[in-house]
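Please read these points with the model open beside you, and take them one at a time. They are ordered so that single residues, helix pairs and cores can be looked up as they are named.

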Amino acid sequence: MGFESPSLKGRALRLLSGREYSRLELERKLAPFEEEPGSLAVALDDLQAKGFISEQRVLESVVNRRSSKLGVTRIKQELQTKGLDPQAVAEAVHGLRATELERAREVWRKKFGQPPEDASQRAKQMRFLASRGFGGDTISRVVSGGDDD
């Protein structure tokens, strides 16, 4: 009979053994391997029913992995691209807002460690924090060096 390619379910399990994936991510990755229309949906339905695919675990995984490095905006964007429930994303983002300033200060401290000496350095530090998805108010407070909460 020769070599048989792995099943869609097998491919999905192999991906899931590395990290959590949302259903939408798995659909995107596995669609090129679907030989029979509808077979991918059936395989993913089965994995979801058995608890191998969990939106809540994907959400928690992203928040845990990324919150120490990224601001709310970037994390929200990442969660949305995974096709997660908008209400669950909103709740996760709401929880992150409480620690935004503290997390931004830590990211800034690791990268720069000292207040900017001139307008050019200030702009560079602000751009860096913005690229990490921190909000404007938070960036201003961190770069100005004030420890006021």
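1. A residue counts as buried when its relative accessible area is under 20%, and as exposed when that area is over 50%. With that cut-off in mind, and remembering that this is a predicted model, consider Thr138, which has its place in helix H9, made of residues 136–143. Thr138 has a relative accessible area of 14%, and therefore it is buried. If its neighbours within four places in sequence are left aside, Thr138 is in contact with Glu100, Leu101 and Ala104.

2. A little before helix H9 in the chain comes the loop between H8 and H9, and this loop is where Phe134 is found. Is Phe134 buried or exposed? Its relative accessibility is 4%, so Phe134 counts as buried. Not counting residues up to four places away in sequence, Phe134 touches Lys69, Leu70, Gly71, Glu100, Arg103, Ala104, Val107, Leu129 and Ile139. Glu100 and Ala104 thus appear in this list for Phe134, and they also appear among the contacts of Thr138. As a separate check on distance, Phe134 and Arg97 are 37 residues apart in sequence, while their C-alpha atoms are 9.9 Å apart in space.

3. Helix H8, which covers residues 119–131, contains Gln125. Gln125 has a relative accessible area of 4% and is therefore buried. When the neighbours within four places in sequence are set aside, Gln125 is in contact with Trp108, Phe112, Gln114, Pro115, Pro116 and Val143.

4. The next point concerns the cores. In soluble globular proteins, nonpolar side chains tend to be buried together. Here the largest nonpolar core has 13 residues, and those with the most contacts inside it are Leu59, Val63, Ile75, Leu79, Leu84 and Val89. At least two residues of this core are supplied by each of helix H4 (55–66), helix H5 (72–81) and helix H6 (86–97). Another core, of 11 residues, lies apart from it and includes Leu26, Leu30, Ala43 and Leu44.

5. Val63 is one of the residues with the most contacts inside the largest core, and it is worth following individually. Not counting residues up to four places away in sequence, Val63 touches Ile75, Leu79, Ala92 and Leu96.

6. How do the axes of H4 and H5 cross, and within what distance do they come? The two axes come within 10 Å and cross at roughly 150°, which means that H4 is roughly antiparallel to H5. The crossing of H4 and H5 is right-handed. On the H4 side the contact is made by Leu59, Val62, Val63, Arg65 and Arg66, and on the H5 side by Arg74, Ile75, Glu78 and Leu79. By type, the residues of this contact between H4 and H5 divide into five nonpolar, no polar and four charged.

7. Helix H4 also holds Val58. Val58 has a relative accessibility of 2%, so it counts as buried. Its contacts, leaving aside neighbours within four places in sequence, are with Glu20, Tyr21, Ser22, Lys82 and Leu84. Leu79 is not in that list of contacts, and the C-alpha atoms of Val58 and Leu79, 21 residues apart along the chain, are separated by 8.6 Å.

8. A second helix pair is formed by helix H1 (residues 8–18) and helix H2 (residues 23–30), whose axes come within 11 Å and cross at roughly 120°. This angle makes H1 oblique to H2, and the crossing of H1 and H2 is right-handed. Leu8, Arg11, Ala12, Leu15 and Leu16 in H1 meet Leu26, Lys29 and Leu30 in H2. The residues of this contact between H1 and H2 divide into six nonpolar, no polar and two charged.

9. Which residues does Ala12, in helix H1, touch beyond those up to four places away in sequence? They are Leu26, Leu30, Leu44 and Leu47, and of these Leu26, Leu30 and Leu44 are among the residues of the core of 11. Ala12 has a relative accessible area of 0% and is therefore buried. Finally, Ala12 and Ile53 are 41 residues apart in sequence and 9.4 Å apart in space, C-alpha to C-alpha.

Notes. Residues numbered from 1 in each chain as written. Predicted model: local features only at pLDDT ≥ 70, side-chain atom pairs only at ≥ 80, totals over all residues. Heavy atoms only, no water. Core = buried A, V, L, I, M, F, W, Y, C linked by side-chain atoms within 4.5 Å. Buried < 20%, exposed > 50% of the residue type's maximum accessible area, 1.4 Å probe, protein only. Helix = DSSP H or I, 4+ residues; strand = E, 2+ residues; numbered from the N terminus. Contact = heavy atoms within 4.5 Å. Axes fitted to C-alpha atoms, helices over the stretch in contact; angles between N-to-C directions. Parallel < 35°, antiparallel > 145°, perpendicular 65-115°, else oblique. Left-handed = near helix turned anticlockwise from the far one by under 90°. Nonpolar A, V, L, I, M, F, W, Y, C, P; charged D, E, K, R; others polar.
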